[in-house]
Amino acid sequence: MRLPHVTDLDGVGAAVYGIPFDTAVTYRPGARFGPEAIRSVSALLRSYHSGFDIDVCDALSIVDYGDLPVAPGDTEGTYRRIEEALAPIVEAGVFPLALGGDHSVTLAELRVVAAAHGPLALVHLDAHGDTWDEYFEQRYFHGTTFKRAVEEALLDATASVQAGMRGPLWQASDLGDARALGFHVIPSEELRELGPEGYAGLVREQVGDRPVFLSFDVDFLDPAFAPGTGTPEVAGFSTADAVALLRSLRGIRLVGADVVEVSPPYDGPGQITALAAANVAWELLALRAAAV
């Protein structure tokens with residue numbers, strides 16, 4: 001959006017920042033280049049949101065805060081760096097919107113946002129639940145994020161909704177494990193039947209007036225719309241579907257968000273995955289702006 005690069009938070013309403021990290025992926029790497037790609041294509045975005053009839057930048061003072069520091073090859077070391085760099089943003093009352101990066105980075109974000117707001121309700125759009133216990137004996141990778149978050153009491157799973165899950169699983173318990181943690185899980189087939197209105201009603205019923213963190217994994221989208229991601233799953237959603245679902249959530253108490261798993265080396269002509277992610281990020285800013 002051609003936002004100014006600003007690190008002085010005085011008078012700032014929202015800070016967009018990158019987390020260029022992909023050490024914790026299990027298949028295709030490259031998400032460390034996601035923030036750069038999303039920023040590049042976001043130059044096309046404009047500030048007026050016709051769906052909400054607001055000028056997002058007039059309603060919300062938004063800056064590009066730059067990239068947070070990471071430690072390639074060291075997931076827990078990266079968490080420490082993210083937490084230290086993100087804390088001043090959240091403590092200043094600024095809305096944080098991250099551009100990932102793989103989905104492991106969300107755990108560090110949740111630690112900081114929950115420290116300010118208490119246990120959060122999660123609204124999660126993704127092809128995968130990311131509630132495994134470990135993978136190759138690793139407890140911190142992009143498939144364990146939300147189990148660790150529940151264990152650390154960062155999330156109130158009973159107030160949280162995961163939607164869009166699909167594709168082959170390792171075992172029948174994969175989705176059952178998420179439900180056992182307390183998450184309300186909506187597989188892709190059920191989400192299609194609900195539609196935006198039904199989905200929004202269910203989310204509002206679950207989250208109530210709790211502070212909400214919204215995490216959008218770009219593999220929620222079908223590979224036809226977002227080929228540039230680490231673990232693509234067919235039979236996903238279109239960009240039009242995603243926009244409708246996000247706009248249906250207007251009014252939730254959004255206190256933090258991220259868009260993750262954009263891997264530019266696997267993107268198609270025209271950078272369609274990065275373009276989709278940039279527009280998702282814009283919709284998230286609009287949700288926050290509409291509530292100001």
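## Exercises on a predicted model

α1 and α9 are roughly perpendicular to each other. Keep that in mind as you start, and remember that you're looking at a predicted model.

**Exercise 1. Work out at what angle helix α1 and helix α9 pack, and which residues make the contact.**

Step 1. Find the two helices: α1 covers residues 34-41 and α9 covers residues 272-291.

Step 2. Compare their axes. They lie 8 Å apart, and the packing angle is about 75 degrees. Angles of 65 to 115 degrees count as roughly perpendicular, so this pair gets that label.

Step 3. List who touches whom. On the α1 side you'll find Ala37, Ile38 and Val41, and on the α9 side Ala274, Leu275, Ala277 and Ala278.

Step 4. Sort the contact residues by type: 7 are nonpolar, with no polar and no charged ones.

**Exercise 2. Lay out the open sheet, strand by strand.**

Step 1. Write down the order of the 8 strands: β4-β1-β5-β10-β9-β6-β7-β8, with parallel pairing.

Step 2. Mark the edges. Those are β4 (62-67) and β8 (184-187), since each of them pairs on one side only.

Step 3. Check the twist. On average, neighbouring strands are turned by 15 degrees against each other, with direction ignored.

Step 4. Zoom in on the β4 edge. β1 (residues 14-19) runs parallel to β4, and 5 bridges join the two. Here Ala15 sits opposite Val63 of β4. Although β4 is an edge strand, 5 of its 6 residues are buried, leaving the strand mostly covered.

Step 5. Now go to the other edge. β7 and β8 are parallel too, paired over 4 bridges, and Ala163 faces Ile186 in β8. Helix α7 (residues 188-207) packs on the sheet, where it touches β6, β7, β8 and β9. The direction of α7 makes about 160 degrees with that of β8.

**Exercise 3. Explain why strand β6 counts as largely enclosed, then trace its partners.**

Step 1. Count the buried residues in β6 (residues 121-125). You get 5 of 5, so the strand is largely enclosed by the rest of the structure.

Step 2. Split the side chains by direction. Ala121, Val123 and Leu125 point one way, Leu122 and His124 point the other way, and all are buried.

Step 3. Look at one partner, β9 (residues 212-217). β6 pairs with β9 in the parallel sense over 5 bridges, and Ala121 has Val212 opposite.

Step 4. Look at another partner, β7 (residues 161-165). This pairing with β6 is also parallel, over 3 bridges, and Leu125 has Ala163 as its bridge partner.

Step 5. Follow the chain from β6 to β7. The path goes through helix α5 (residues 145-151), and the β-α-β crossover is right-handed.

**Exercise 4. Place Gln138: where does this residue lie, and is Gln138 buried, partly exposed or exposed?**

Step 1. Locate the residue. Gln138 is in the loop between β6 and α5.

Step 2. Judge its accessibility. Buried means under 20% and exposed means over 50%; Gln138 has 45% relative accessibility, so it counts as partly exposed.

Step 3. Check its contacts. Leaving out residues up to four places away in sequence, Gln138 touches Asp133 and Thr144.

Step 4. Compare sequence with space. Gln138 and Ala24 are 114 residues apart along the chain, yet their C-alpha atoms are 9.0 Å apart.

Notes. Residues numbered from 1 in each chain as written. Predicted model: local features only at pLDDT ≥ 70, side-chain atom pairs only at ≥ 80, totals over all residues. Heavy atoms only, no water. Buried < 20%, exposed > 50% of the residue type's maximum accessible area, 1.4 Å probe, protein only. Pairing = 2+ DSSP bridges. Right-handed = clockwise from strand over helix to strand, strands pointing away. Axes fitted to C-alpha atoms, helices over the stretch in contact; angles between N-to-C directions. Parallel < 35°, antiparallel > 145°, perpendicular 65-115°, else oblique. Contact = heavy atoms within 4.5 Å. Nonpolar A, V, L, I, M, F, W, Y, C, P; charged D, E, K, R; others polar.
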